[in-house]
Amino acid sequence: MTTTNVHKQGMELKSSWDVWGLVSKGVFMVGVFVLATAARGEWFLVAKYLGKDFLRDVMPTSDVKVNTTSQLGRQLQVAGFKDLPIYVAVTVLVSFSTFWGIGMSFDYYFYRNRKYKAEEWKCQPDRWLSNSTEWHEFLLGSFNVLISSVAYGFISCYIMNGGKCTLYARPDEYGLAYLLLSVPALFIYNEAIIYYAHRMFHTPFLYRHFHKVHHRNKSPTLYGVFATHPLEFIFYQILVAWPVIVVPLHAGVFLTILLYGYYYGMMDHSGIKMDALWPWQPSTMFHDDHHRHFHCNFGTNTILFDRFHGTLRRTNRKYGEKVFGGKGTAESSENNQSEFYTYSTWNISPFK
Ligand SMILES: [Zn+2]
Ligand SMILES: [Zn+2]
């Protein structure tokens, strides 16, 4: 049986639409979503920001002067980073407990206890990571979580001490129309920058020197979501975070779209077959195929950019680590007909 056939069979698995299937899927999604709220640390920034405004409203005199005894503490306070160690400690602690917690739960539930029926839940049931690649994902992913959680500890602390930030807390501050329009605008912005930046990292020079690190895993696990070259990782972080100091955005909108991205980022790297509740969100096979076929499927939360640019994976096309450009090559001269894969089947569930 060819790998293409295995893939197609996976796409055609029928859901029974039973109540328990839907309930377990819903509980699973909500549970992981709640845990993922703390996966990296930005949540802290938004939660504290909203909290700051709230506290300011109800307790106008809450800005009590605390005597700081240590010299370092006084210096931090003068520099606008009062209580910095507390912010950093909380973001690091929460980030790691959730990142490792979700990763280990998936590992236990699927990869260890259900390995014998991998055909039912795994995107690539015939491919498993070697120990060294698994450790590579875990250690590099954890290193990047450390970088970003420490960075967001600094940023949260800076903002809480009165630093510049354009997030706002009152929903009507810029009008309801602005608030509602900002949701699709931010979603499309995030998707666009990730598509184009990711595609840029798939050009030969950047791929070989940076992005290849992320593609060491042809069948990723959840830890792989952050397993990128640290410089590439920081680049994406800046692209996603910079609006909070330039564009007025409601903190809830920013947080929701951020968490949406984290949730599907984790699921897309989990190696587990899942579809999504939303029609614009492709199944996890979309990004799993990116790891399997390399230079195609560069988007994350919609296939639209790939469809528009013709970089969505197509039938009768050959892909591989050395086939750059995003469109593959014709499989044979006799058969040049090819179609795009859809990745929105509404019937893939790992819960059987
Ligand atoms: Zn890639
Ligand atoms: Zn990936």
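## A tour around helix H10

Start by selecting residues 138-155: the span is 100% helix and 0% strand, and its end C-alpha atoms lie 25 Å apart. Keep in mind that you are looking at a predicted model. This stretch is also one of those that an unreviewed UniProt entry annotates as "transmembrane region". The others to color in are residues 20-39, 84-106, 176-197 and 234-264.

Now zoom out for a moment. The chain has 13 helices and four strands. Of its 352 residues, 36% count as buried. If you switch on a contact map, look away from the diagonal: among contacts with a separation of 6 or more, 75% join residues 24 or more positions apart.

**Next stop: H7 against H10.** Select residues 131-160, which form helix H7, and show H10 alongside. The two pack with their axes 11 Å apart, at an angle of about 40°. That angle makes H7 oblique to H10. As for handedness, the crossing of H7 past H10 is right-handed. Turn on side chains and pick Phe143, Asn144, Ile147 and Ser148 on the H7 side. Facing them from H10 are Pro230, Phe233, Ile234 and Gln237. What classes of residue make up this contact of H7 with H10? Five are nonpolar, three are polar and none is charged.

**Then H8 against H10.** Hide H7 and select residues 176-200 for helix H8, together with residues 230-241 for H10. Here the packing angle is about 155°, and the axes are 10 Å apart. Because angles over 145 degrees count that way, H8 is roughly antiparallel to H10. H8, too, passes H10 in a right-handed crossing. From H8, show Asn190, Ile193 and Ala197. Their partners in H10 are Phe235, Tyr236, Leu239 and Val240. By class, this contact of H8 with H10 has six nonpolar residues, one polar and no charged ones.

With both contacts on screen, try coloring H10 by partner. Pro230, Phe233, Ile234 and Gln237 go with H7, while Phe235, Tyr236, Leu239 and Val240 go with H8.

**Last stop: residues 234-264.** This is another span that the UniProt record labels "transmembrane region". Select the whole span and check its secondary structure: the chain here is 71% helix and 6% strand. How far apart are the end C-alpha atoms of residues 234-264? They are 19 Å apart. For a side-by-side view, bring back residues 138-155, where the span is 100% helix and the end C-alpha atoms lie 25 Å apart.

Note on methods. Residues are numbered from 1 along each chain as its sequence is written. Chains are lettered from A and ligands numbered from 1 in the order in which they are written. This is a predicted model: local features need pLDDT of at least 70, side-chain atom pairs count only at pLDDT 80 or more; totals for chains, interfaces and linings use all residues. A residue is buried if 20 or more other C-beta atoms lie within 10 Å of its own, exposed if 12 or fewer, and partly exposed in between; C-beta atoms are placed from the backbone. Two residues are in contact if their C-beta atoms, placed from the backbone, lie within 7 Å. Axes are lines fitted to C-alpha atoms, for helices over the stretch in contact, and angles run from 0 to 180 degrees between N-to-C directions. Angles under 35 degrees count as roughly parallel, over 145 as roughly antiparallel, 65 to 115 as roughly perpendicular and the rest as oblique. A crossing is left-handed if the near helix is turned anticlockwise from the far one by less than a right angle, and right-handed if clockwise. Ala, Val, Leu, Ile, Met, Phe, Trp, Tyr, Cys and Pro count as nonpolar, Asp, Glu, Lys and Arg as charged, and the others, Gly among them, as polar. UniProt positions are given in the numbering used here, feature names are shortened, and annotations may be inferred rather than shown by experiment.
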